Amino acid sequence: MRFGGTPALSGVDLEVAAGERLAVVGASGAGKSTLLGVLNGSVRPDVGEVRVLGADPAALRGRDLRRLRARTGTIHQGLELPGALRVVHNVNAGRLGSWSVARAAWSLVRPQGTAEVHDVLDRVGLGDRMYERTDRLSGGQRQRIALARLLLQRPELVLADEPASALDPALADLALGLLGELATARGGVLLACLHDPALALRHCDRVVGLADGRVVLDAPARTLTVPALEEFYGVTR
């Protein structure tokens with residue numbers, strides 16, 4: 001597929017098995033975020049075929065598309081957390097796919113399911129921040145709120161675009177561990193775009209490397225080393 005005259009993805013042929021944790025690596029502009037967009041249905045490919053949880057997102061409309069998106073959870077690089085909202089509301093957004101419009105609207109007045117929200121926030125170390133405005137928190141804290149939102153949603157397919165970029169090493173390991181558990185507990189899939197080679201090798205079963213929108217590396221994580229991935233990044237930058 002292309003953006004204007006620039007190819008974003010070209011000849012990408014990937015199959016990800018249930019229960020697999022996949023790291024997507026590559027330099028900025030390699031096509032990683034575009035690949036995630038294609039998989040969550042926010043980007044429509046102009047050629048080729050995409051199957052996500054047995055369905056083609058580009059062929060779905062209305063209720064069927066909403067159902068697929070409810071089964072898919074995404075942590076975007078920009079996080080997409082409205083800053084003016086309290087933390088509890090941003091976390092509860094993970095349940096909007098299963099709530100009626102009326103319940104979602106009422107929850108903005110009187111937050112629903114607060115015990116569950118507190119539980120997932122506690123798991124990411126933010127149990128005491130539930131009623132704070134999101135824009136008053138640090139970048140790393142907001143990244144953990146996005147993670148808590150996914151934990152509440154419990155999707156089968158987890159798509160994470162640099163989910164640990166603003167976290168210290170200990171919190172990064174916590175985040176990737178929770179994402180991996182979340183995806184694989186139900187026989188689902190974790191697909192995470194990562195810039196940290198060590199993090200990718202510790203938490204993923206397989207590594208796919210992109211360069212100029214093409215797959216140039218596809219190997220089991222156990223066969224790779226941190227220096228090898230660092231060299232790959234050096235080659236593709």
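In the predicted model, His203 lies in helix 8, which spans residues 197-203. His203 counts as buried because its relative accessibility is 13%, and the cut-off for buried is under 20%. Leaving aside neighbours within four places in sequence, the contacts of His203 are Arg21, Asp173, Leu176 and Gly177.

Val207 was examined in the same way. With neighbours within four places in sequence again set aside, Val207 is in contact with Leu22, Ala23 and Val25. Its other contacts are Leu201, Leu217, Asp218, Ala219, Ala221, Leu224 and Leu229. Val207 also belongs to the largest nonpolar core, which has 48 residues. Val207 is among the residues with the most contacts inside that core. The others so listed are Ile75, Val91, Leu121, Leu147, Leu179 and Leu194. A second, separate core has 21 residues. Leu22, Leu36, Leu60 and Leu65 are included in this second core. Leu22 is thus a member of the second core and a contact of Val207. In soluble globular proteins, nonpolar side chains tend to be buried together.

The whole structure was also searched for cavities. The search finds 1 cavity of 30 Å³ or more. The largest cavity holds about 50 Å³ of space. Its lining includes Val38, Gly41, Val43, Arg44 and Pro45. Val50, Asp56, Pro57 and Ala58 also line the largest cavity. By class, the lining residues comprise 6 nonpolar, 1 polar and 2 charged.

Terms used. Residues are numbered from 1 along each chain as its sequence is written. This is a predicted model: local features need pLDDT of at least 70, side-chain atom pairs count only at pLDDT 80 or more; totals for chains, interfaces and linings use all residues. Side-chain values use heavy atoms; hydrogens and water are left out. On a 1 Å grid over the protein atoms alone, a cavity is a set of points where a 1.4 Å probe fits but cannot get out, and a pocket is an open set with protein on both sides within 12 Å along at least five of seven lines; lining residues have an atom within 4 Å of a point. Grid points are joined across faces, edges and corners, and a volume is the space filled by probe spheres set on the points. Ala, Val, Leu, Ile, Met, Phe, Trp, Tyr, Cys and Pro count as nonpolar, Asp, Glu, Lys and Arg as charged, and the others, Gly among them, as polar. A nonpolar core is a set of buried Ala, Val, Leu, Ile, Met, Phe, Trp, Tyr and Cys residues joined through side-chain atoms within 4.5 Å. Buried means under 20% relative accessible area, exposed over 50%, partly exposed in between (1.4 Å probe, protein chains only). Contact means heavy atoms within 4.5 Å. Helices (H or I, at least four residues) and strands (E, at least two) are DSSP runs, numbered from the N terminus.
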